[in-house]
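Trainee: I'm new to reading structures, and I'd love a close look at one single part. Could you walk me through a helix and what lies around it?

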Amino acid sequence: MDATQSLQQFIDETELYNDIVLGGLLPGSIWRPLPRPLQSWLRNYIGGTLLYLVSGFLWCFYIYYLKRNAYVPKDSIPSYMAMKLQIIVAMKAMPWYCALPAVSEYMIESGWTKCFSTIAEIGWPMYIVYLAFYLVFCEFGIYWMHRELHDIKPLYKHLHATHHIYNKQNTLSPFAGLAFHPLDGILQALPHVICLFIIPTHFKTHISLLFCEAIWTTNIHDCIHGRVWPVMGAGYHTIHHTTYRHNYGHYTIWMDWFFGTLRDPQEDFRKVE
């Protein structure tokens, strides 16, 4: 497959995503005349907002009401006001969050990245190797981006502190997952985009991982410790929100273990007992 055909495949794929999200919700006369980057941004904004609100409401309904007291003690359930404020912060930031994937799609369609459109272009063995490098790079990049947002005081004060006002179990909820200063959220997602210039990346896999990112951030703010090693679950992340100096990692605990910032919730439970 030559370069022109490969780039056209990227365009065809993003058009499919636009048709699914925008075509299913808006008249074509509203979004089809827009430039492609704006179409991507609008799709990401509408899709991201729906994903955030629907997944957050369903998860809150399940853990706080259907399973009331089963997962979260009554005195640790966040108030309606706390969740409302988290939603407001996230909704203010959402238009800015959605700019990053829109820009990355434009760069991919323009042929500026190392993205490939089909696994057949490189074969499954190399796809798995590149995916492993992609995930390790993202783990490393997000760990250090997050850690520096704590260690560099002006960054913490003006950016990351917006997220860390939720520092107790009864103030954390799934809606806190995207309640960041816009620039903070973009910086922590930036390693996903930097990867595209360094590591050959399957485009659909990249989009899927960004989709999973939204679900993941909801999950790790529900304060329910899943105990699935080596996953950096909510038990670890709740400690991060209360100590500020531990568990900076993303999907796994490995970077915190390697750099000496890991704190295991199981050890905290044993100390309490």
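Mentor: Happy to! Let's begin just past the end of helix α5, where Gly111 takes a positive phi of about 80 degrees. Keep in mind that this is a predicted model. Now step back into the helix itself: α5 runs over residues 99-109 and is mostly covered, with eight of its 11 residues buried. Among those buried residues are Leu100, Pro101 and Ala102, and also Met107 and Ile108. The buried set has Ser104, Glu105 and Glu109 in it as well.

Next, look at the surface. Tyr106 joins Trp112, Ile194, Phe197 and Ile198 in a nonpolar surface patch of about 490 Å². Helix α8, which spans residues 182-198, gives the most to this patch, with three residues. Phe197 has its place in helix α8. Its relative accessible area is 36%, so Phe197 counts as partly exposed, a class that lies between the cut-offs of 20% and 50%.

Finally, let's put the helix back into the whole chain. There are 12 helices and two strands in total, and 46% of the 273 residues count as buried. The chain exposes about 14000 Å², and carbon and sulfur atoms supply 69% of that area. As for overall form, a compact globule with 273 residues would have a radius of gyration near 19 Å, and the chain agrees with this because its own value is 20 Å. Along the principal axes, the C-alpha atoms fill a box of roughly 65 × 45 × 40 Å.

Terms used:
Residues numbered from 1 in each chain as written. Predicted model: local features only at pLDDT ≥ 70, side-chain atom pairs only at ≥ 80, totals over all residues. Heavy atoms only, no water. Buried < 20%, exposed > 50% of the residue type's maximum accessible area, 1.4 Å probe, protein only. Helix = DSSP H or I, 4+ residues; strand = E, 2+ residues; numbered from the N terminus. Patch = residues over 30% accessible without salt bridge, like charges linked within 9 Å, V, L, I, M, F, W, Y side chains within 5 Å. Areas by Shrake-Rupley, 256 points an atom, 1.4 Å probe, with all protein chains shown as cover. Salt bridge = Lys/Arg side-chain N within 4 Å of Asp/Glu carboxyl O. Rg over C-alpha atoms; globule rule 2.2 N^0.38 Å.
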